[in-house]
Amino acid sequence: MSTTTPVIPTQTKVAIFGTASLAFCGILVETSMNVTFPTLMHQFHTTLATVQWVTTAYLLAVAATMVITAFIQQRFRWRTIINVGGAGFVLGGLLCTVAPQLWLLLFGRIIQAIGTGLALPLVFAQIMTQVPFTAQGRFTGTAGMLIALAPSLRPTYGGLVTQLLSWRLIFGITLPFGLIAWLITAKTIRQTQAPRSRPFPLCQFGLVVAALILLIFSVNNLSTHGLSLVFVWLPLLLAVLAVLTFTRSATRTTHPLINLAVFQQGNFTRALLIYFFIQFIQIGLTFLLPNFAQLALGKNALVSGLMLLAGSLCSAILSPLAGKLMDRRGIRRPFQIGSGFLLLATLSLTGLAQHLSVGLIIGLFVGLFVGFQIGFSCLFNNALTYGLQQLPPQLMGDGNALFNTLQQYSGSLGTAIMAVLITLGTRMAPSASSTMQTTLGTQIALWFSLIIIMIVAALALTTKPIANMADDQHQSRSSNH
C-alpha cells in the first residue's frame, strides 16, 4: 500500500465541504418539525393527520428529486445544479419562516426539499470523480459524519428552538448557514466531464411521482375516511397501476429512468428491503414518541426532543465503526448484532406500551431507544454497502438512486402510517380522554413496529456473505458511493 498522500486541490476540498454543509442544513430541518406538531395543530387549528404533511411532503419531495439526480448530473452543469438547489433551500426557508397559513408552510417545505434533493447527491458525486481512490474513504467518512450529525441533532434542535424561541426560527437559524454554503460551493465547484444531452423519460418520471403521491394520499386518508373506496382504495389501485405501467415502460426502452435489471440480483433486493424497513421504523419512531410525550404525557417540545438525542448521537458515532466491522468480519456479524439489538429494544418498548409514563419515557425508554439505534447503526449503512456490492458497475448508479429514493420515501411513509395508527386510538375508544386515545394509538403503532422489525431480522439473519471477496477496490468504491 502506498504511503504517499495524494494532493487534492483546495478548491475541491472547499466545494465538497460547502455542498455537504448545504445538505446538512437541509437534512437538519427535514424532520425537526416533528416535535412541533402539537404547536402547529393549535396555531393552525387543524388535526395531526393534516399537520404531519409538514414532514411527509418534505420527504416525498426529496424522494421524487432523488429519482432523477443521476440524469440531472449528467445533463446539466454542476454549478447550475447547486445554484438551483441553494436557491430552493433559501427561498423555501424564507417562506416557511414567515408562513401565515399552513398551505404556505407546506409550499415552502416542498421548495426547500427540492433544494436538498439536488445538493445531497452532489457531495458524493464530487468525491467519487475528483478525489483519488486512496483518499475517497477518508473524504466520504468526513462528509458522511457531517451529514449524519443532522439526523442526530434535529429532534433536539427542533424542540429547543420551539420551546425557547419559535418554531419559525427552525428555518430562520439555518438560512444564513445554508446561504453561505451555497455561495461558497457555487464559486468553487467544478466537474471533470462536460454535460451530455440525453432524452429525459418524462412519462416514466411522472408515473413514479404519481405512484409515490397516490400511495401516501391513500395511507393518510385512512385516518379521516377509514376504508373509503374513493379516498383509500381508488388511489391505492391507481398507485399500483402506475408502478406496473412504469415497469413495463422501463423494460422496453434503452434509456430507462431506473434500470430494473438491479432486481435480478436477489441479495440486492434483500438489502434494499432491509434498508427501507429499518428507515421506515426509525423515522416513524422519531415522529411517534415525541408526539406521545407531548399529547399523552404533557411534556413540552424541548423534553420530547431531548429524549431522542442520546440514541441519535449514538447512531451517528457507531455507524463508521459498524462499517469497519463489516470490512473485517463480513456482513453476517453486524447483521446478527444489529438484529439482536433491534428485536430486544422494540420488543421491550412494545411490552412496556401499556405502562408508558413520564418516568419510563425519560429514563428506561431513552435507554431502549439507544439500543434500537445501536441495532440501526449495524444494519442501515451496511445494507446499502452490501446491496451495491451485488451489482455490476453499469448498474451501480441505478442501485444508488433506488437506495437514496427509498430512504427518503420510507421516512415519508413511516410518518404517515404512524399518524394513522395514533388516530386509530380515537376510533377505537371514542368516549375516552384524548390522553387515553393517544396512548392506545401509540401502543398499536409499537406493536406494528415490532412486526416490521421481525421481518427485518428474518431478512438480515438469512443474508449470505458475498461469495467473491477478491475485488477489494470494487467493494470499497461501492461502500463509499
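**Close-up views of a predicted model**

**View 1. Contacts of L379 in the predicted model.** Leaving aside residues up to four places away in sequence, L379 touches I274, I278, P334, F335, G338, S339, L342, V456 and A460. L379 belongs to helix α17, which covers residues 364–389. Its relative accessibility is 0%, so L379 counts as buried, the cut-off being under 20%. One of its contacts, A460, is 81 residues away in sequence, yet the C-alpha atoms of L379 and A460 are 8.1 Å apart in space.

**View 2. The largest nonpolar core and L40.** This core has 131 residues. The residues with the most contacts inside the core are L40, L105, I274 and L379. L40 touches L105, and also M33, H45, V51, V54 and W167, again not counting residues up to four places away in sequence. In soluble globular proteins, nonpolar side chains tend to be buried together.

**View 3. Helix α11, residues 229–250.** The helix has 22 residues, which at 1.5 Å a residue should span 32 Å; the end C-alpha atoms of α11 are 30 Å apart, in agreement with that value. Its buried residues are seen down the axis within an arc of 100°, so they line one face of α11.

**View 4. The two sides of helix α11.** V232, P235, A239, A242, F246 and A250 of α11 are buried. The buried residues of α11 pack against α10 (202–225). On the other side of α11, L229, V230, L244 and R248 are exposed. An α-helix has 3.6 residues a turn, so residues three or four places apart point the same way.

Terms used:
Residues are numbered from 1 along each chain as its sequence is written. This is a predicted model: local features need pLDDT of at least 70, side-chain atom pairs count only at pLDDT 80 or more; totals for chains, interfaces and linings use all residues. Side-chain values use heavy atoms; hydrogens and water are left out. A nonpolar core is a set of buried Ala, Val, Leu, Ile, Met, Phe, Trp, Tyr and Cys residues joined through side-chain atoms within 4.5 Å. Buried means under 20% relative accessible area, exposed over 50%, partly exposed in between (1.4 Å probe, protein chains only). Contact means heavy atoms within 4.5 Å. Helices (H or I, at least four residues) and strands (E, at least two) are DSSP runs, numbered from the N terminus. The expected span of a helix is 1.5 Å times one less than its number of residues. The arc is that of the directions from the helix axis to the C-beta atoms.
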